[in-house]
Each structure stands twice: as C-alpha cells, then as structure tokens.
Amino acid sequence: MTERKLWMHEARRCGLAALALPLAAAIGVLAVSVAVGGGDHADARSTGIGMVRLLANVFPVAAGLAAATAAARDRLIEVLLTLPTQYPTVVRRRITMVTALVIASATVVVVRLALAGQWANPAWGPVALLVPMGPAFFLIGAALFAQAVLRSTSAASTVVIAAWLFQVMLFDTYVTAWLANKLLLTALGAVLAYLGTRRLSDSERQLARIAPGAAQ
C-alpha cells in the first residue's frame, strides 16, 4: 500500500462524524461571522470579542469530540494487536488526520475574521491559531487518553466536555495571560496524548479490558 493510499484508508477509518465535526464547527462560525458582519454595529470591538470567544470555544470541543470518535473506530483490538503495524501507530495516524483538518478549518476561520475586522485579540499572524488550537490540542489529548483508558466513545466524549468545563471555568480564570494560557494547554494536550499512546502500547492491559484474566 502506497503512502497516499494508506492515509486515504485511515481517513475513511476515522469515520464521517470525526471528519464532519471540525468542518461543521468552521461552517457554523463562518455563518455567524457573515450574519453579524452584515449589519451596522456601533461597537465593532464587542463583536470581535464575541467572535473570538465563539471560535475559541466551538473549535476545541469539536476537535475533542472528533478525536474521541476517530480513536474508537476499531472493535477487534485483539486482532489489531497481532498485526505488523502497531495499534498505537494506527491511532496516531487517525488523530493526525483529525488534527490536520482542525488546523486547516481553524486557519480559514481566523483569516476570515481578520479580514472582516472581527478579530479582537492580541494574537496576530500564525500565532493567532493558538487561540483556538491551544484548547483544541488539550481536548484532543484528553480524548486520546480517555479512549485509551476507558475504551468507550461516550465515556471519552464525557471526559472531553468535563475537560472543557475545567478549562473555561477554572484554568482560564487563573491563567489570564493569553499566550501562557494557550501554550500551557498545548503542553497539557501533548502530555495527555503521550500518556494515551503509552497506554495503547500496553497490549496486556488492552487484552485484559477485552477479556479479564486473558492477560495473566
């Protein structure tokens, strides 16, 4: 199988929901941007702040839920663990596909908001992507870790929502410097993704969850 066919296969294995969620988030934010941009708004800064907040909340949740879905597409884990390609490698490819789609979608929205004069945030240029992607990386990592431990899409999705609530209600309250906030969330996401991958690499634990006692 060529590299291109391999990635196309993994894209199909991600599932429609995982690929559609980031696109739906982008379309939703763009629709709101067009709607509010068509009127005569005296306070353009308030509109810009609202659009940035919408982007920073909608995209990370969509990314986390998409990752939770993509990481749980395989049911016969015991078969996958016997294949030449390691199972964590397969999951990493799918998470990479979802993350790339999230980044591309976020880029389109950020550019649209900037061009429409609806970007009220200190971050500009490529760094502006950290506004939606910092929290997105955090929730993608949380989704991967939750899937590795719980092996349930619904449970992992619940963890994603809980992690998002933790971020907006506690983390953002105490870490108010925007750059430090986004960089720390990115680092947390990387740690969680690493721990999740390590968990997936433990074939005995994976088999034990399928059939308790099988790994002994």
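In the predicted model, helix α3 (44–70) makes the greatest contribution to the lining of the largest pocket, supplying six residues. Helices α6 (130–150), α7 and α8 (178–201) also take part, and each of these, like α3, provides at least two lining residues. The pocket encloses about 460 Å³ of space. Its lining comprises 18 residues, and those nearest the centre are Val52, Arg53, Ala56, Asn121 and Lys182. By class, nine residues of this lining are nonpolar, five are polar and four are charged.

The second largest pocket holds about 210 Å³ of space. It is lined by 14 residues, among which Ile95, Thr99, Ile140, Leu144 and Ala193 lie closest to the centre. Here the largest share of the lining is drawn from α8, with six residues. At least two residues come from each of α5 (87–115), α6 and α8. The lining of the second largest pocket consists of seven nonpolar residues, six polar residues and one charged residue.

Apart from the pockets, a nonpolar patch of about 620 Å² was identified on the surface. The patch is formed by Ile161, Leu165, Phe166, Met169, Leu170 and Tyr174. One of these residues, Met169, is located in helix α7, which spans residues 153–174. Met169 is classed as exposed because its relative accessible area is 56%, the cut-off for this class being over 50%. Helix α7 thus carries Met169 of the surface patch, and α7 also supplies at least two residues to the lining of the largest pocket.

Technical notes. Residues are numbered from 1 along each chain as its sequence is written. This is a predicted model: local features need pLDDT of at least 70, side-chain atom pairs count only at pLDDT 80 or more; totals for chains, interfaces and linings use all residues. Side-chain values use heavy atoms; hydrogens and water are left out. Patches are made of residues with over 30% relative accessible area and no salt bridge: like charges are joined within 9 Å, nonpolar side chains (Val, Leu, Ile, Met, Phe, Trp, Tyr) within 5 Å. Accessible areas come from the Shrake-Rupley method with a 1.4 Å probe; for residues, only the protein chains shown count as cover. A salt bridge is a side-chain nitrogen of Lys or Arg within 4 Å of a carboxyl oxygen of Asp or Glu. Helices (H or I, at least four residues) and strands (E, at least two) are DSSP runs, numbered from the N terminus. Buried means under 20% relative accessible area, exposed over 50%, partly exposed in between (1.4 Å probe, protein chains only). On a 1 Å grid over the protein atoms alone, a cavity is a set of points where a 1.4 Å probe fits but cannot get out, and a pocket is an open set with protein on both sides within 12 Å along at least five of seven lines; lining residues have an atom within 4 Å of a point. Grid points are joined across faces, edges and corners, and a volume is the space filled by probe spheres set on the points. Ala, Val, Leu, Ile, Met, Phe, Trp, Tyr, Cys and Pro count as nonpolar, Asp, Glu, Lys and Arg as charged, and the others, Gly among them, as polar.
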